[in-house]
Amino acid sequence: MTILTELFAFWQAQADKLGQQILQHIGLTAASLLAGVMVGVPLGLLLTRRPRLAPWVLGGAGVLQTIPSIALLGFLIPVMGIGPGPAIVALFLYSLLPIVRNTLAGVQGVDAAVVDAARGLGLTDGQVLRRVELPLALPVLLAGIRTAAVINVGVATLAAYVAAGGLGEFIFGGIALNNPAMILAGAVPAAVLALLFDGALAGLQHLRGRRLVWAGRALLLALPLLAGLYLLPRATSKLLAGFSPEFVGRADGLPGLRQLYGLNPASVVLAPALVYEAVRSGDVDLIDGYSTDGRIRAYDLRVLHDDRHAFPPYQAVPVVRRQTLQAHPELAPALARLAGQLSDSVMTELNYRVDIRHETPRAVAHDFLRRRGLWREPQPATGATIRLGSKIFGEQYILAEMYAALIKGYTNLQVEAKTGLGGTSICADALRTGAIDLYPEYTGTGLLVVLQPSAAVLDSLGPDPAAVLAYVRREYRRRYQLEWLAPLGFNNTYALLMRRQQAEQLGIRTVSELSKYLR
Amino acid sequence: MLAIEARHLTKHYESHAAVQNVSFRVEAGQTLVLLGPSGCGKTTLLRMLNRLVEPDSGTVLINGQDVRSQPPELLRRGMGYVIQQVGLLPHYTVAENVAVVPQLLGHAPAAVAARTEELLRRLHLPPERFANQYPSQLSGGQQQRVGLARALAADPPIILLDEPFGALDPITRASIRREFRELPELRRKTMVLVTHDVTEAFELADQILLLDAGRVQQLGPPRELLLRPANDFVRRFFGAEQLALQLRALRLADVLCELPETDVFELASLTNSSNKPLSSTASIHDTLEKLSHTPVPASGEPTVWVQVAKSTVRPLTYATLMAAFGRAVRRLAEGG
């Protein structure tokens, strides 16, 4: 029951957005369906006249159908960028198979004697097609359009990943935030839309004779009108922002910025993996990202300074089992050698080398240690084994390699790497149960994901990095007998990013300046 | 006047020869029946006449004009076309189906409506009941009648029929065939009809073209095929039904010369008014039919009379009729 209440509350609060997303969703579906009909029906008719091509065309459309929708979008983005273009093309490609196949099947299903008689009476090929084959194939053809429509309403949720809007915005936000009410807020209207399209087309399909032909024509008129819903004017501002679904929904993301800076740019939602590409290509001007991401360097972006501390501190710190520290007193000094060595820009540089230049995390880690004079050849491994964990992204791999090298160089302990653990809770559980001995974690993550303190506690901690570190250190020690050592120096937090060139032109260095510019 | 002439028509489907070097002529107003077993090429041959099939070689002339001299659609609008499966447009009403060709030809709507109504009435499909029905609401026989009306709607001089009665049950079939034969509409038409039914062929044909494996086996009037088969295939083809066909094909005129010259009577001497004399064009079959309904007199055989001249008649009993029939068949087969 509570989830229903939450759902209605969410809809009420987001009524504007809900309406806009529904219109966009209908627009995307109708536009792609229209394209599917305009291309698929003639293609299907061509196949009825050239049956030898049929296996090839249907095979090709079938292959398109088997490409996972998210992958199809992935293929289209390099060619078409982001926005409604790739979304409509992807949906169009999915609608082709049912429409082409049913057009062909519908025409082939027309009684051969009827066609023969019509030809024998002196109807031209075109007249046979228009007056006999098409009207008689219409029920089957409409069934194909109906299948395509239902598929498209479902797949159109993915449009939210490429900044094309639609009900996927709520759904992906809900998934990213683990908020079931928000997922339902998008999923329920999408399901209702699918049922409406299905029901309406089923109704047409069951008409007979002349009415069916009229219905077919009405459909051809209705689709462009519905597609036009997508073109309804939307809010604009001097800069267009592209945000990931999680950022839009999280309290310490966009809502926090809005509250603290009064920042309210016109924005589109798109997949986290695409925001950097989108700002680089100029599709959007402002994105959310992570302050140490390698692409900041690769794409020449500027991190806007969070001058009022809207984003919580996410300092990187090694977290270690207390038992391990006590059993091997030589471990802590070895780990401590990295403390304070990595600034935001240094970490960004290292991430850039791994993520963009595709150097191995090990080579990058060892090279860094050598340049800092921290490198030592491995000592003979005679002692116990330390199990080293990491999450599943480049920065964590690099840090794990650094710690492995330090432990091997400064102690006799052996190292076993258990890198690539799925997520925060998996790492935290592994550490608590002793499956690993240490891994690098971020203070904000430990606070919000693992400890999950009350709103009052969060409020009292505020944006102060030292206070957050002190709190997680104290609570981890008390609850789990785990130790947060000294911070590494960088803060991998949310950041607002712009193209450096544009930011310089507009003289924007901080979020406050951005907010002022937009006002 | 020559309505249709086919010259050396040949058609191959890949290596299979469907029609091989077939030629024939149909005079205006005559009916040619293309007869033969399944797969003999008769349908292919028919479809070459309206270019639903294009021959590999050979030509078709309609009223002296090569069919390839005009677009196939225009050619087809000038020829009625009836097929076994009827092929009515299921989404058109009966009236709309009948009106298809006149509309294609651009006839005035009022004229089209009047013509449709007239045809439906003549084919025993009262328009007030049938005009607005859809084909699926009709019986097989009714559908075939609509198909025929559709072929006749624009009053084409030539009608092509591909097993038009093939899909009907025997009783409906016989009655529709009778209606068909008696339809004044069809009297003036040149018709080419495909069938594998020998009785149907004999009932309707002026000429029969008997085909096997794409080749002409014999072309001629029905009784010629029957009495003077050109080869074993023709003989075998009619074998089972030979006697029945001969009884239908031969007329009293054919057998009169085989009767004894003596018993000629004055017409006026016939007193019994119920025993009206037959015409000499009556078939042997019909005469036997009549004999079987004649009461047996107190003395002698049942007798019917045939009028041989303006005022003379001759008597026929089972014995004299059958004896004369037997002699006539032998005489005709020998080429007399």
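1. A good place to start is a charged pair inside chain A: Asp125(A) makes a salt bridge with Arg49(A), and the closest N and O atoms are 3.4 Å apart. The model is a predicted one, so please read the distances in this note as computed values. The two partners come from distant parts of the chain, with Asp125(A) in helix H7 and Arg49(A) in helix H2 (residues 15–49), 76 residues apart. Over all chains, the structure holds 46 salt bridges.

2. Stay with helix H7 of chain A for a moment, since Leu129(A) also lies there. Which residues does Leu129(A) touch, leaving out those up to four places away in sequence? They are Leu45(A), Arg49(A), Leu134(A) and Pro135(A). Arg49(A) therefore turns up twice, as a salt-bridge partner of Asp125(A) within the 4 Å cut-off and as a neighbour in contact with Leu129(A). Leu64(A), on the other hand, is 65 residues from Leu129(A) in sequence and 28 Å from Leu129(A) in space, C-alpha to C-alpha.

3. Now to the interface of chain A and chain B. The contact draws on 17 residues of chain A and 23 residues of chain B. About 1800 Å² is buried between the two chains, and carbon and sulfur atoms give 60% of that area. On the chain A side, Asp116(A), Leu121(A) and Arg131(A) supply 34% of the area that chain A buries against chain B, more than any other three residues.

4. How many salt bridges does the rule find across this interface? There is one: the side chains of Arg47(B) and Asp116(A) meet at 2.7 Å, N to O. Asp116(A) is worth a second look, as it is also one of the three residues named above for their share of the buried area. Seven residue pairs are in polar contact between chain A and chain B, counting pairs with both residues at pLDDT 80 or more.

5. Which helices of chain A each supply at least two residues of the side that touches chain B? They are H6 (112–121) and H7 (125–155). H6(A) gives the largest share of that side, eight residues. By class, the side of chain A that touches chain B has nine nonpolar, four polar and four charged residues.

6. Elsewhere in chain A, helix H9 (residues 180–205) packs against helix H10 (residues 209–228) at an angle of about 145°, with the axes 9 Å apart. H9(A) brings Leu201(A), Leu204(A) and Gln205(A) to the contact, while H10(A) brings Leu212(A), Ala215(A) and Leu219(A). These residues divide into five nonpolar, one polar and no charged.

7. Lastly, the aromatic rings. The structure holds 14 aromatic pairs over all chains. In one of them, Phe311(A) and Tyr494(A) are tilted, at 5.9 Å centre to centre with 55° between the planes. This pair links distant parts of the chain, 183 residues apart: Phe311(A) sits in the loop between strand S4 (301–304) and strand S5 (316–321), and Tyr494(A) in strand S10 (residues 494–499).

Definitions and conventions
Residues are numbered from 1 along each chain as its sequence is written. Chains are lettered from A and ligands numbered from 1 in the order in which they are written. This is a predicted model: local features need pLDDT of at least 70, side-chain atom pairs count only at pLDDT 80 or more; totals for chains, interfaces and linings use all residues. Side-chain values use heavy atoms; hydrogens and water are left out. Contact means heavy atoms within 4.5 Å. Buried area is the accessible area (1.4 Å probe) that two parts lose on being put together, summed over both. A polar contact is a pair of N or O atoms within 3.5 Å; within protein, one must be able to donate a hydrogen and the other to accept it, and residues adjacent in sequence count only if both atoms are side-chain atoms. Helices (H or I, at least four residues) and strands (E, at least two) are DSSP runs, numbered from the N terminus. Ala, Val, Leu, Ile, Met, Phe, Trp, Tyr, Cys and Pro count as nonpolar, Asp, Glu, Lys and Arg as charged, and the others, Gly among them, as polar. Axes are lines fitted to C-alpha atoms, for helices over the stretch in contact, and angles run from 0 to 180 degrees between N-to-C directions. Rings of Phe, Tyr and Trp (its six-membered ring) pair if their centres lie within 6.5 Å; planes under 30 degrees apart count as stacked, over 60 as edge-to-face and the rest as tilted.
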